[in-house]
Amino acid sequence: MANDALMVEDIPVDGSKPSGGVISVWTLNRPEKLNALNKDSHKAIKEQCSRVESDPNVRCIVIRGASPLPAEEGKRQKPAAFAAGADISEFAGKNSDDVRPFFEDNAWEAVWSLSKPTIAMVDGFALGGGTELALSCDIRIASDRAKFGQPEINLGLIPGGGGTQRLCRLIGYGKAMEMVLTGDMVDAEEALKIGLANKVVSPDDLEDSTLAIATSIAHKSPYTIKVAKRAVRASLELPFSEGVLTERSEFVALFDTEDKEIGVQAFLDRKEAEWVGN
Ligand code: COA
């Protein structure tokens, strides 16, 4: 189950239908290392991915970084971070055989593969594997002091958590190249402009804004939400004409679900839909 590198809290969603819905909030919990992702972080995230996938009550997942601890006597305050990357101390002295098994079974792909919606709540640094973890989520909400970046080039490396592929698809070839080749950070304003962040708010508003989006998602039919995610995701894998056909077949199949009838009737009756989840 969750180890110290990840704190997990399932927050009940008032009025969710079917009842019992929760938003699962995962907090990367190594603030003294700017929440850098070590082996324990990956293990805990992968375990949580398995758990939420098989728990019908989990409607949406939010991933965030722990806030900085108060400064120790005589030391400076550490900055806010979502995650400042993979834990670089785990790279020293390693060869390809040492790291291959870890990278073949990692948390970035586990999060990406979830059938349920995921939101990254980014305050402060999201660098390297931190940006890649945010990219593995479906939506990114950032504070105005967020900084994204793929600085691996400065370590003689490239992104290894899917960053080259997901970044390119999200923000386009030119901007992705700029980030990967220069290693330069992108501030929140720029991240919003290039589509890396969906929304930017003040640090004080970040949690409420993120949970508001998670709650809105959690109030939809959990069955239809999964279909919607699958259909949009297909656009990344399939040629356009095949993607349109995939969408059509998903759409048509929804006409055999109870939730389609419930949603349509609720609209016609001017009532709230009481989803049953199938
Ligand atoms: N892996 C391991 N430890 C990390 C880390 C990482 N990716 N990023 C930060 N830390 C640790 C630092 O070593 C430091 O630990 P210490 O206090 O025990 O010495 C602590 O977190 C605070 O970081 P520090 O560098 O002192 O903070 P800063 O405010 O001066 O700089 C950053 C912040 C984010 C600019 C800087 O930490 C940094 O560049 N981190 C690495 C980013 C990176 O290259 N990520 C890609 C990895 S593939």
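Let me start with the packing of helix 5 against helix 6 in this predicted model. Helix 5 covers residues 163-171 and helix 6 covers residues 173-182. Their axes lie 7 Å apart and meet at an angle of about 140°. Angles over 145 degrees would count as roughly antiparallel, and helix 5 and helix 6 are therefore classed as oblique to each other. The crossing of helix 5 past helix 6 is right-handed.

Which residues make this contact? From helix 5 come Leu-167, Cys-168 and Ile-171. From helix 6 come Tyr-173, Lys-175, Ala-176, Met-179 and Val-180. By class, the residues of this contact comprise 7 nonpolar and 1 charged, with no polar residue among them.

Helix 5 also packs against helix 4, which spans residues 129-136. Here the angle is about 55°, and the axes are 10 Å apart. Helix 4 and helix 5 are therefore oblique to each other as well, but their crossing is left-handed. On the helix 4 side, the contact involves Glu-132, Leu-135 and Ser-136. On the helix 5 side, it involves Gly-163, Arg-166, Leu-167 and Leu-170. This set divides into 3 nonpolar, 2 polar and 2 charged residues. I would draw your attention to Leu-167, which takes part in the contact with helix 4 and also in the contact with helix 6.

I turn now to the domains. The chain is divided into domain 1, residues 6-218, and domain 2, residues 222-268. Taken over C-alpha atoms, the centres of the two domains are separated by 27 Å. At the interface, 13 residues of domain 1 are in contact with 6 residues of domain 2. The two domains bury about 850 Å² between them, and 57% of that area is on carbon and sulfur atoms. Which residues of domain 1 lose the most area to domain 2? They are Trp-112, Ser-115 and Arg-169, which together account for 49% of what the domain 1 side buries.

Finally, I would point out two features of the backbone, each located in a loop. The first concerns the peptide bond from Lys-17 to Pro-18, which is cis, with omega near -5°. Pro-18 is found in the loop between strand 1, residues 6-12, and strand 2, residues 22-28. The second concerns Asn-35, where phi is near 60°, a positive value in a residue other than glycine. Asn-35 lies in the loop that runs between strand 2 and helix 1, the latter covering residues 39-54.

Methods:
Residues are numbered from 1 along each chain as its sequence is written. This is a predicted model: local features need pLDDT of at least 70, side-chain atom pairs count only at pLDDT 80 or more; totals for chains, interfaces and linings use all residues. Side-chain values use heavy atoms; hydrogens and water are left out. Axes are lines fitted to C-alpha atoms, for helices over the stretch in contact, and angles run from 0 to 180 degrees between N-to-C directions. Helices (H or I, at least four residues) and strands (E, at least two) are DSSP runs, numbered from the N terminus. Angles under 35 degrees count as roughly parallel, over 145 as roughly antiparallel, 65 to 115 as roughly perpendicular and the rest as oblique. A crossing is left-handed if the near helix is turned anticlockwise from the far one by less than a right angle, and right-handed if clockwise. Contact means heavy atoms within 4.5 Å. Ala, Val, Leu, Ile, Met, Phe, Trp, Tyr, Cys and Pro count as nonpolar, Asp, Glu, Lys and Arg as charged, and the others, Gly among them, as polar. Domain bounds come from an automatic or database domain assignment. Buried area is the accessible area (1.4 Å probe) that two parts lose on being put together, summed over both.
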